[in-house]
Amino acid sequence: MAFVNYSLHRLTFYQELHAHLTGSIRRQALHKIWFNRRVHDAMYTLEDPLIAMPEGAAVDMESFFPLFNSYVYKLCNTVDTVKFCTNSVLEEFANDGVIYFELRTTPRDDKKTGMTKEDYVEAILDSIREFEGGKIGQKTGMKTKLILSIDRRDTDATATHVLDLAILYKSRGVVGLDLAGDPLVGDINSFRPIFAKAKEMGFGITLHFAEAELTSSDEELNILLAFHPDRLSHVVYTSDVIKRLIQRLKYTLEMVISGNIQTRVDPRIRVHRDHHFKYWYPEKTNPIAICTDDVGIFNSKLSNEYYLLFKHFGLLKPELFELASGICDSIFSTKSQKENLKQQFEAFREKEEIEPGKVL
Ligand code: IMP
Ligand code: ZN
């Protein structure tokens, strides 16, 4: 067995800023829902998630997005199943060492079960509250906030409804608005006033950005930058002009290593070392948030994503610590939450005697 010296890279303290709720549900949790339904209904025809979504099976950009509508959403479509799934996701991130978590999701209703979008968001917020007051939440102290996603294919009315929900539940922990979904569909132009209003209302803005070559012309990316984002995710297909703009405006970059490789987002990224992290990290111009995106599908926890930086890019504990602690000001929560996180990281630094450049 290969010897791994965990003291070189194991931080035990992380902040996760980019995880989609439905994409983060483990197959085992989905299987439990499926099993329960199958036991009560012999005619239940949906395939077992352990068979329909075999672990390790290839998911490219074409098969990835339809997976949600055509399959996972059919299992996670009642208040109870949404709560069950949210709880399982929170448990996993807390047990992985995440101390601050921004979970994101697209508000969803289900005509068959009668679940409304309000029910959906409330179920998630209730689960977060219950988790924070429960055993693991208390033990780990993980704090969770919610970001609502607008899907690129949404109509203006649907997107406006997402903003209305964010406003309605702001006091309960909704902190931001996201633009997500298949990068090859939708007309993003009309969303600009919605994001402008969200910004005005004090929400953080994060956008899936330059994820597909076909929709990453400078013209399209400039439209997205006019939404006044705080954070950009993926940032795969950027021209030198856009890169310079991103550097000048110092957006936080949400980077997804395993997910980008597994979905073959870019034929130039075949192995870890090809990932554009190799470009952005040495530049040191933008805070970089290492993120899992969809751990239920990509099967790589946040601690593992940091481990991959150690393994493939040679980052040791002091550098990993700088990276993980360097995004405290990028979170969408309050100033006091930022200060609290900084203190926690500082205490960890002192305890572990981490000094920049020092190999432990
Ligand atoms: P949900 O919003 O909690 O239902 O999580 C699943 C949804 O997240 C998918 O339907 C997509 O719209 C979005 N999503 C997950 N991963 C990605 C990604 O890599 N790019 C863009 N959208 C994504
Ligand atoms: Zn994403």
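Which polar backbone atom is 2.9 Å from a nitrogen atom of ligand 1? In this predicted model, the partner belongs to Gly181, whose backbone places a polar atom 2.9 Å from that ligand nitrogen. Two histidine side chains add further pairs. An N or O atom in the side chain of His20 is 3.0 Å from an oxygen atom of ligand 1, and an N or O atom in the side chain of His234 is 3.4 Å from an oxygen atom of the ligand. On its own, ligand 1 has 480 Å² of accessible area, and the protein covers 98% of it.

The surroundings of the ligand come next. The shell around ligand 1 consists of 19 residues, and the closest of these are Thr22, Tyr73, Thr105, Thr106 and Asp294. By residue class, the shell holds 8 polar, 6 nonpolar and 5 charged residues. Two elements of secondary structure, helix 4 (66–75) and strand 2 (98–105), each contribute at least two residues to this shell.

It is helpful to view the ligand site together with the pocket that holds it. The largest pocket is the space taken by ligand 1, and its volume is about 710 Å³. A total of 42 residues line this pocket, with Tyr73, Thr106, Asp151, Arg153 and Gly181 lying nearest its centre. Among these central residues is Gly181, already met as the backbone partner of a ligand nitrogen. Tyr73 and Thr106 also appear here, and both are listed with the closest residues to the ligand.

Several elements build the wall of the largest pocket. Two or more lining residues come from each of helix 3 (61–64), helix 4, strand 2, helix 6 (117–133), strand 3 (143–151), helix 8 (156–168) and helix 12 (257–262). Of these, helix 4 gives the most, with 4 residues. The lining of the largest pocket comprises 16 nonpolar, 14 polar and 12 charged residues.

A further pocket completes the picture. The second largest pocket has a volume of about 270 Å³. Its lining is made up of 16 residues, and those closest to its centre are Met61, Glu62, Leu184, Ala212 and Val265. Here the lining divides into 9 nonpolar, 6 charged and 1 polar residue.

Methods
Residues are numbered from 1 along each chain as its sequence is written. Chains are lettered from A and ligands numbered from 1 in the order in which they are written. This is a predicted model: local features need pLDDT of at least 70, side-chain atom pairs count only at pLDDT 80 or more; totals for chains, interfaces and linings use all residues. Side-chain values use heavy atoms; hydrogens and water are left out. A residue is near a molecule or strand if one of its heavy atoms lies within 4 Å of it. A polar contact is a pair of N or O atoms within 3.5 Å; within protein, one must be able to donate a hydrogen and the other to accept it, and residues adjacent in sequence count only if both atoms are side-chain atoms. Accessible areas come from the Shrake-Rupley method with a 1.4 Å probe; for residues, only the protein chains shown count as cover. On a 1 Å grid over the protein atoms alone, a cavity is a set of points where a 1.4 Å probe fits but cannot get out, and a pocket is an open set with protein on both sides within 12 Å along at least five of seven lines; lining residues have an atom within 4 Å of a point. A molecule sits in a cavity or pocket if more than half of its atoms lie within 2 Å of its grid points. Ala, Val, Leu, Ile, Met, Phe, Trp, Tyr, Cys and Pro count as nonpolar, Asp, Glu, Lys and Arg as charged, and the others, Gly among them, as polar. Grid points are joined across faces, edges and corners, and a volume is the space filled by probe spheres set on the points.
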